[in-house]
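This briefing sets out what can be read from the coordinates of one protein chain, grouped by topic. Please look at the sequence and the structure below before going through the points.

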Amino acid sequence: MKNVSFNAENLSVKQQKLVADFVSVVEEMGLTDDYKTKGLIYFANKANLISHDEIAKNYPLALDCVNTLIKLDEINYSQQNAEAENLRKMFFAITKDFRIIMLKIAIVVAEIRNIDPSKAFDLANLVLTLYAPLAARLGLSNFKTELEETAFKILQPKAYANIEKEVDARFFKREPIVERLKKLVETSMADLNISGKVFGRKKHIYSIYKKLKDHTLDNIYDLIAVRAIVQTVAECYALLGRLHSQVEPLENRFKDYIATPKPNGYQSLHTTVIFEGFPVEIQIRTDEMNKYAEYGVAAHWIYKEKRKKQNNLDAELGMLRFMKETENLSIDELANSLSQDIYGNDIFVQTPMGKVIYLPSDSTPIDFAYQIHSEVGNKCVGAKVNGRIVPTNSILHNGDVVEILTNPKSKGPSRDWLKICKTSEAKKQINIFFKKNMKEENVHLGKTMLENAIKEKGYSAIKLLNKQNLEQVLAQYNLNENEFFANIGTNALPVKTIANKLASLYQKQIKLTEQEKAPASHVNFVAPIEKQVKIKGLNNILTRFANCCHPMYGDEIIGFVSAGRGIIIHRKVCPNISFYNEDRLIEVGWKPIEATKPNKKTSKNQ
C-alpha cells in the first residue's frame, strides 16, 4: 500500500502533534507500516482531508480497516460503566483482527496526550472502563499504565496529587532499598546454585488508589516489590528459607499459594520482609507458574477485574500474550497464528441507550425484541437498525444499534416469526403467546386433530364424540370443552391417547346395546369370544381378536393369517388391514347366538 503524507498546511499544530504521537505509539507497538498507513488514512478522513470514495479509489486495501475504526467510533458508550465487559467483547467481535484494536488504542493514547479539556472527562472515563483493560489484555502494559495514570489524573486531580505526594516521599527512600534487596535475592540464588530472574517494580498511582479503598497507604506492603522466577517448586521453598534466614519476615504476611492455590489456580509464594527498616513484598514462583498466571486459565486481568470465570476472549488473548512474549513473533505473525473470529457464532448489538445485547449470528430484530422483553416482542410492528427502518427478518450484524417499533394495539406476533427467529427465547415466547391468546384457533385446531385421529383408527368421529363419551373424558381431565380441545390443539394433551379412550368407551356402549337387544327371557348374552367366529372352510383353528380395533359381535370382520399366532380377527374398517398382504386375509363371520331356555324348577309336590 502506498504511503500517505499529510500536508502540514492542512493541519493545525494540535493535529500535527496528535498524528506525530499516533505514529510514535504505532511504531512502539510493533505494528507494520501497512497498519500505520491505514491509521493515517483514518486520521485524514476524520480531518476531512480525504473522502470515503477517495479511500475506496486510491487505498482500497485500507477501506475495511477505516470503516471498522469508524464503526468503533459510532458505538454508544453512554452505558460504559455497566456494559464495560460486553463493550470489550463487542470490540473484538466487530474487528475480528486485534491489530485494528491496537490501532484504536494507539489513537486513544495519542488523543489523551493531546486532550481537549472540554472532552477530557468523557474520554478519561472511557479509558478507565474500556481502553486500559483492552491494552492490558493485549499485553501493552506500558500503554495500559499510561492510559490509567493520565485518565485518573484527569478524573480526580486532587486524589492523584495527594497520593503522588505521599508515595513520592516513600519511593524516594525505598527505590534504592529495592535495588539492594534485588542484589540480596540474586546473591542468595547464586549461593543455592539456582538460576532464574529477579525483577523490581513500584506500584503505580492508580493501582494504589484502588487499594486505598480497603487499606491505608502504610498498610499497602507492595508499594515496592521484588519478584524472583526460578525453575522448580523445591527451589521456591529453598530460596524462601534462605531469605527468611537473612531478613526478618513480617508476621502474618506469608502466603503459600503453591500448597494452597487461589480459586483461580494462581500459584506463588508471597512474603513481606523488613529490609533496612521498610516492608517490601517478595514473590517467588516457577517460570511455569508465572506463565500460567499471565496467560493461562487464571489470566491476570480476570483476577484484577474480580471475575471468577474466563471467556473466549480471555483464552484467545491469553494465548496471544503467551506467544508474543515467548516465541518472539511479529504482530503480523501473531495475527496469522490466531483465529480471526473469536466470537464467530455470536454477535453484539446495542439498544439506542447503549445496552449491549448478545445474540446468535443471523439473529433478526424479532430475536432482539424478545431479548429485551416478551411484551416488546409481542407488540413489535417494525424495527430501525442504525437509524433506518428495516424488515423484521433482516439479519443483524456486530455493532448495529437496534430500535424496536411497537404498537399497543398490535394483535401480536405472526406464526411465520417462528421460522424467522433464531433464539430459543423468542420461539418460546411466541408459542406462549399463541397458547394464551389464540384460544379459539387452538380449540378449532384441537377438534380437527381429534377427529382425524379417530378416523385413522377406523371409527366415526360423530359416534365417538357423543355427549356421553365427551362428558366422561372431560371429567377425567377436569376441563371444560373449550379447554379440552385447546389443550389438544397446543399438544398439551396427547391426541392419540384420547382417541383410544373414546374408542374404548364406544365399544363398551356397543356391548351394552347388544345386551339390551337380546330377549332376556329366552337368551343369555355371550360376550364376543373366539368360538363365536366362523372361518370359511376351516374348523378348530386358533383365533384371537386384534387389540387395535377390538371387534364386537355384529361388526363386519375379516381374518389375518399370522405367523404362529393363528388367525387375528379385525374389524373390516380397521386401518391396519391396508398394511397386510392380501393373500393372507381370509373371510370370516359370526356364528348365530344360540338361545338357551331357562331351566324349569320341579316342585317337590308334583
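With a relative accessibility of 42%, E276 falls in the partly exposed class, because that class lies between the limits of under 20% for buried and over 50% for exposed. The model in which this residue is described is a predicted one. The points below start from E276 and the strands on either side of it, and then turn to other sheets, a helix pair and the nonpolar cores.

**E276 and its hairpin**

- E276 is located in the loop that links strand 4 to strand 5, and its phi is positive, at about 55 degrees, even though the residue is not a glycine.
- The two strands flanking this turn make up a hairpin, with 2 residues between them.
- Strand 4, which covers residues 269-275, runs antiparallel to strand 5 and is joined to it by 7 bridges; within this pairing, T271 has I282 of strand 5 as its bridge partner.

**Strand 5 and its other neighbour**

- Strand 5 spans residues 278-286, and 8 of its 9 residues are buried, so this strand is largely enclosed by the rest of the structure.
- Strand 5 is also joined to strand 2 (residues 224-230), in this case by 6 bridges and with the two strands running parallel; here I229 is placed opposite R285 of strand 5.
- As background to both pairings, the strands of a sheet pair through backbone hydrogen bonds, in either a parallel or an antiparallel arrangement.

**The sheet of strands 9, 8 and 10**

- An open sheet is built from 3 strands in the order 9-8-10, with antiparallel pairing; its edges are strand 9 (388-390) and strand 10 (402-406), each of which pairs on one side only.
- Neighbouring strands in this sheet are turned against each other by 35 degrees on average, when direction is ignored.
- Strand 8, made of residues 380-385, pairs with strand 9 in the antiparallel sense over 3 bridges, and the bridge partner of K384 in strand 9 is I389.
- Between strand 8 and strand 9 lies a loop that contains N386, a residue that is not a glycine but has a positive phi of about 55 degrees.
- N386 has a relative accessibility of 42% and therefore counts as partly exposed.
- Helix 16 (residues 365-372) lies across strand 8, strand 9 and strand 10, and runs at about 80 degrees to strand 10.

**The sheet of strands 12, 14, 13 and 15**

- Another open sheet consists of 4 strands in the order 12-14-13-15, and its pairing is mixed.
- Strand 12 (543-545) and strand 15 (585-586) are the edge strands of this sheet, each pairing on one side only.
- Strand 13 (residues 557-561) and strand 14 (residues 567-571) are paired in the antiparallel sense over 5 bridges, with V561 having I567 of strand 14 as its bridge partner.

**Helix 1 against helix 2**

- Helix 1 (residues 13-29) packs with helix 2 (residues 33-46) at an angle of about 160 degrees, and the two axes are 10 Å apart.
- Because angles over 145 degrees count as roughly antiparallel, helix 1 and helix 2 are assigned to that class.
- The crossing of helix 1 past helix 2 is right-handed.
- On the helix 1 side, L18, V19, F22, V23, V26 and E27 meet K36, G39, L40 and F43 of helix 2.

**Nonpolar cores**

- The largest nonpolar core comprises 65 residues, and those with the most contacts inside it are F22, M29, F91, I105, Y131 and L147.
- Helix 6, at residues 98-113, gives the most to this core, contributing 12 residues.
- Apart from this core lies another, of 25 residues, which include I177, L181, L184 and V230.
- When neighbours within four places in sequence are set aside, F91 is in contact with L72, I75, Y77, I101, K104, L130, Y131 and L134.

**The protein overall**

- The secondary structure comes to 24 helices and 16 strands, and 45% of the 606 residues count as buried.
- Of the contacts between residues at least 6 apart in sequence, 64% join residues that are at least 24 apart.

Note on methods. Residues numbered from 1 in each chain as written. Predicted model: local features only at pLDDT ≥ 70, side-chain atom pairs only at ≥ 80, totals over all residues. Heavy atoms only, no water. Pairing = 2+ DSSP bridges. Axes fitted to C-alpha atoms, helices over the stretch in contact; angles between N-to-C directions. Contact = heavy atoms within 4.5 Å. Core = buried A, V, L, I, M, F, W, Y, C linked by side-chain atoms within 4.5 Å. Buried < 20%, exposed > 50% of the residue type's maximum accessible area, 1.4 Å probe, protein only. Parallel < 35°, antiparallel > 145°, perpendicular 65-115°, else oblique. Left-handed = near helix turned anticlockwise from the far one by under 90°.
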